[in-house]
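Please read the following report beside the sequence and the model. It begins with the confidence of the prediction and then turns to helices, aromatic rings and backbone geometry.

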Amino acid sequence: MSNSPTPPPECPAHAAAATAGGLYRLHGAEAQADPLALYEKLRAEHGAVAPVLVSGDLPAWLVLGHRENLDVARTSSRFARDPRGWRDMKEGRVPADTPLGPMVSWVPVCNFTDGPVHERLRSAVVESLERFDKRGIRRYVTRFANQLVDQIAGEGYADLVSAFSDQLPMLVMTQLIGAPDEHGPLLVNAARDMLQGTETALQSDRYVTATLEHLVVERKARPVRDLASWLIEHPANLSDTEVLMHLRVVLIAAYETTANLIANTLRTVLTDPRFRASLSGGHMTLPDALEQVLWDDPPINTIIGRWATGDTVLGGREVKAGDMILLGLAAGNADPQIRPDPAASVHGNRSHLAFSSGPHECPGQDIGRAIADTGIEVLLDRLPDLQLAVDASELQWRGTLMSRHLLSLPVRFAPRPVPNAQPQDEQPAGHPVHAPVPPQPTAAPAVAGRRRRGVSWWRRLLGLG
């Protein structure tokens, strides 16, 4: 592999770097810098389904149309979730060290299975998640959000990504899965390190797995009211490995997607005049704001993947058995067939693809909404005068095939004293989980019937109150 730098976008060589054999790469500088622009270029050239290349210049189909995305997501008989059906994998064209590894290596979890096996595994996850009291979740969120704000309130300046959005989801999920308080910050650092692919990523990955292994052992002996215990005791009779792998999936998926949702919402609040205008008129509450962001800037751009179970036609394209299919969630949300005016409000419309659809629709989406909604409310209630500390054009993202993660969101506000510490919620009854020592990283539910909040803190944020 060449060590030469990627040519800048204005360089003639850039086109060669972005394509191969006439197909656009979904990896590399152009795709990472502005994936939405690339999706529109593909839509203009190919329509609802476009041939593309993923890491290793392996072929795939990117689904750009909203209707076509729903077709793939809802029809597992034609588009299976099990990656062992991938023709390029079976025929030996996928290198062992592919960056796609975590997304295409089969493990016994519900999001890599279909049919009766999927129904058994998913029922355990969904029904266990549904046992959480939503008010209890919000108490956890409020507690941790206030702790995070306490750490920055006296400074007058903060990076809301590293200090807030990257921290809050894992702190809350640590409580929900059953790990004690002290593992929250450690798992935050390990998960971030693992997802960024640093030199210690494998060590961080082992730490996360070992922590969950210890948790499963403890909860088998002494069950309490947490996700680990409920998965273990569920009638689906999950094996220890299945319990471990589903705890891991829930933990990591909730962390990355909810962290992105929080960051994207805060960025939009601080930078988008149209968004501010809707809020200032009192026509949008925080739950409304989250749904707008889930349309415009979903936490996951693309899902890998589905694999065609036989020769079929999708969006006018002839798809062959074993082909990889990529669900284009962000592209589908921007489909002009359903959003001819992207500037128009989608108030009250939850038909976005941010959490996918069909049998593999995200089972924890309402918990993610609760974490983002409550956490942002606490932050903006405590610091209503937040202002972006840099020009919006200076914000930067780390891009991958699946998502874009905002690297930082610097803000300024008037410093204020930190109130006296509030008593912590009680830990679930049980015994401590003695997990291994973590590495030192090199890098850093539906809320139905909720009372509609007033917009007082929005008005203070917007300078209207």
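Over residues 423-436 the pLDDT, which is the predictor's confidence in each residue on a scale from 0 to 100, stays under 50, and for this stretch the model has 33 contacts beyond four places in sequence, a contact meaning heavy atoms within 4.5 Å. Residues 1-17 also stay under 50 in pLDDT, with 10 contacts beyond four places in sequence. Where pLDDT is low, the predicted coordinates should not be read in detail. The protein averages a pLDDT of 84, and 84% of the residues score at least 70. Among the elements of the protein, strand E8 (residues 312-314) has the highest mean pLDDT, 98, and helix H19 (residues 456-461) the lowest, 36. Helices (H or I, at least four residues) and strands (E, at least two) are DSSP runs numbered from the N terminus.

This is a predicted model, in which local features need a pLDDT of at least 70 and side-chain atom pairs count only at pLDDT 80 or more, while totals for chains, interfaces and linings use all residues. Residues are numbered from 1 along each chain as its sequence is written, and side-chain values use heavy atoms, with hydrogens and water left out.

**Helices**

Helix H3 (residues 35-46) has 12 residues and should span 16 Å at 1.5 Å a residue, which agrees with the 16 Å between its end C-alpha atoms; the expected span is 1.5 Å times one less than the number of residues. In H3, the residues Pro35, Leu38, Tyr39, Leu42 and Arg43 are buried, where buried means under 20% relative accessible area, exposed over 50%, and partly exposed in between (1.4 Å probe, protein chains only). These buried residues cover an arc of only 140° around the axis, which puts them on the same side of H3; the arc is that of the directions from the helix axis to the C-beta atoms. Just after H3, Gly47 takes a positive phi of about 90°.

Helix H10 (residues 168-177) has 10 of its 10 residues buried, so it is largely enclosed by the rest of the structure. Among the buried residues of H10 are Pro169, Thr174 and Gln175. Gly178, which follows H10, has a positive phi near 120°.

Asn264 belongs to helix H14 (residues 240-271) and counts as buried at 2% relative accessibility. Leaving aside its neighbours within four places in sequence, Asn264 is in contact with Val293, Asp297, Pro298 and Pro299.

**Aromatic rings and their surroundings**

Rings of Phe, Tyr and Trp (its six-membered ring) pair if their centres lie within 6.5 Å, and planes under 30 degrees apart count as stacked, over 60 as edge-to-face and the rest as tilted. By this rule the count comes to two aromatic pairs. The rings of Trp86 and Trp307 have their centres 6.4 Å apart and their planes at 45°, so this pair is tilted. The pair links distant parts of the chain, with Trp86 in the loop between strand E5 (79-80) and helix H5 (87-90) and Trp307 in strand E7 (residues 302-308), 221 residues apart. Trp86 counts as buried at 0% relative accessibility, and Trp307 counts as buried at 1%.

Pro83 lies in the loop between E5 and H5 and is buried, with a relative accessible area of 1%. Not counting residues up to four places away in sequence, Pro83 touches Val104, Ser105, Trp106, Phe112 and Trp307. Pro83 and Ser105 are 22 residues apart in sequence, with their C-alpha atoms 6.8 Å apart in space.

A charge sits over a ring if NZ of Lys or CZ of Arg is within 6 Å of the ring centre and within 35 degrees of the ring normal. The table gives two such cases.

| Charged residue | Ring | Distance to ring centre |
|---|---|---|
| Arg84 | Trp106 | 4.0 Å |
| Arg404 | Trp397 | 4.3 Å |

**Backbone geometry**

Most residues other than glycine have a negative phi, and most peptide bonds are trans. Asp57 has a positive phi of about 55° although it is not a glycine; Asp57 lies in the loop between strand E3 (49-54) and strand E4 (58-63) and counts as partly exposed at 31% relative accessibility. Asn237, also a residue other than glycine, has a positive phi near 55°; Asn237 is found in the loop between helix H13 (227-233) and H14 and counts as exposed at 62% relative accessibility. A cis peptide bond, with omega of about -10°, joins Ile304 and Gly305, and Gly305 is placed in strand E7.
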